[in-house]
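Let's take a walk through this one together, starting with the whole chain and then zooming in on a few strands.

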Amino acid sequence: MLFTLKKFVGGLLMPLPLLLIIMGLALILLWFTRWQKSGKTLFALSWLVLLLISLQPVADRLLLPLEKPYATYQGNDPVDYIVVLGGGYTFNPNWAPSANLFANSLPRVTEGVRLYRAHPSAKMVFTGSAGPNKQSSAATAAQVAESLGVPVADIIALEQPKDTVEEAAAVAALVGDKPFLLVTSANHLPRAIKFFTAIGLHPIPAPANQLAITTPLHSWERAIPAAAWLGHAERAWYETLGLLWQKLSGDSKDE
């Protein structure tokens, strides 16, 4: 119940729902009260913020500091485990396996498979519970890895963890004090590393799904608002809130 409440409240605090709530409040002030100036100000500010965070230069400027700390892993030190954290997914057995993984999940799995090719003696570990689906996030990601050629014997699915804290605890029970590659979205990695090191684990950061673009784009891609850029801003806001809560709640040690 607490997990569901946390996700629901957190969802409402995301940029799009929050700005729509503020716009709705502004419309109520304009239609039903004498607070016309306040309503106009609220609506104008929320509209302006929505516009700005839907532009690539603004959205990616917000996201880049979260993705910069860790570079793509190119090492070849031997490891026994490659841990791929769970993300968004659904499960429809009639779909291609990869179609069941949402945008933040599929790049994690494919990066994990790439690292497995470089470390074929390692085990691939997938995490994530089932939620409302019949099949867990871990099992669904494992199915995708198998479809990409990873042997079933080299796949471990940890199907109980619901969030990163629980994922860290489950991985600890499996890997002990051995170093392991930790694969997750680049923007999530700083927070994940804190959770894992806080309980004495030795993760080697392996970022996937980098989103903040620093290479050239067409001028219209930078100038026209788009849902994709809004999504980048949302990830920046989500992880910033997560890092703040992590610090306030004492779920990780200071680094």
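A contact here means heavy atoms within 4.5 Å. With that in hand, look at the protein chain, which is a predicted model: of its contacts with a separation of 6 or more, 72% come from residues 24 or more positions apart.

Now for the overall picture. The C-alpha trace spans about 70 × 45 × 45 Å along its principal axes, and the secondary structure adds up to 10 helices and 5 strands. Out of 255 residues, 39% count as buried. What's left open to the outside is about 13800 Å², with carbon and sulfur atoms supplying 65% of it. As for charge, there are 20 positive and 18 negative side chains, and the centres of those two sets sit 10 Å apart.

Let's zoom in on strand β2, residues 123-127. Is β2 mostly covered or mostly exposed? It's mostly covered, with 4 of its 5 residues buried. On one hand, β2 pairs with strand β1 (residues 81-84): the two run parallel and are joined by 4 bridges. In that pairing, V83 stands opposite V125 of β2. On the other hand, β2 is also joined by 4 bridges to strand β3 (residues 155-158), again running parallel. Here M124 has I155 in β3 as its bridge partner.

How does the chain get from strand to strand? Helix α5 (residues 106-118) goes with β1 and β2 to make a right-handed β-α-β unit. Helix α6 (residues 137-147) then does the job for β2 and β3, and that β-α-β unit is right-handed too. So β2 takes part in both units.

Notes. Residues numbered from 1 in each chain as written. Predicted model: local features only at pLDDT ≥ 70, side-chain atom pairs only at ≥ 80, totals over all residues. Heavy atoms only, no water. Buried < 20%, exposed > 50% of the residue type's maximum accessible area, 1.4 Å probe, protein only. Areas by Shrake-Rupley, 256 points an atom, 1.4 Å probe, with all protein chains shown as cover. Lys, Arg positive; Asp, Glu negative; His and termini not counted. Charge placed at Lys NZ, Arg CZ, Asp CG, Glu CD. Pairing = 2+ DSSP bridges. Right-handed = clockwise from strand over helix to strand, strands pointing away.
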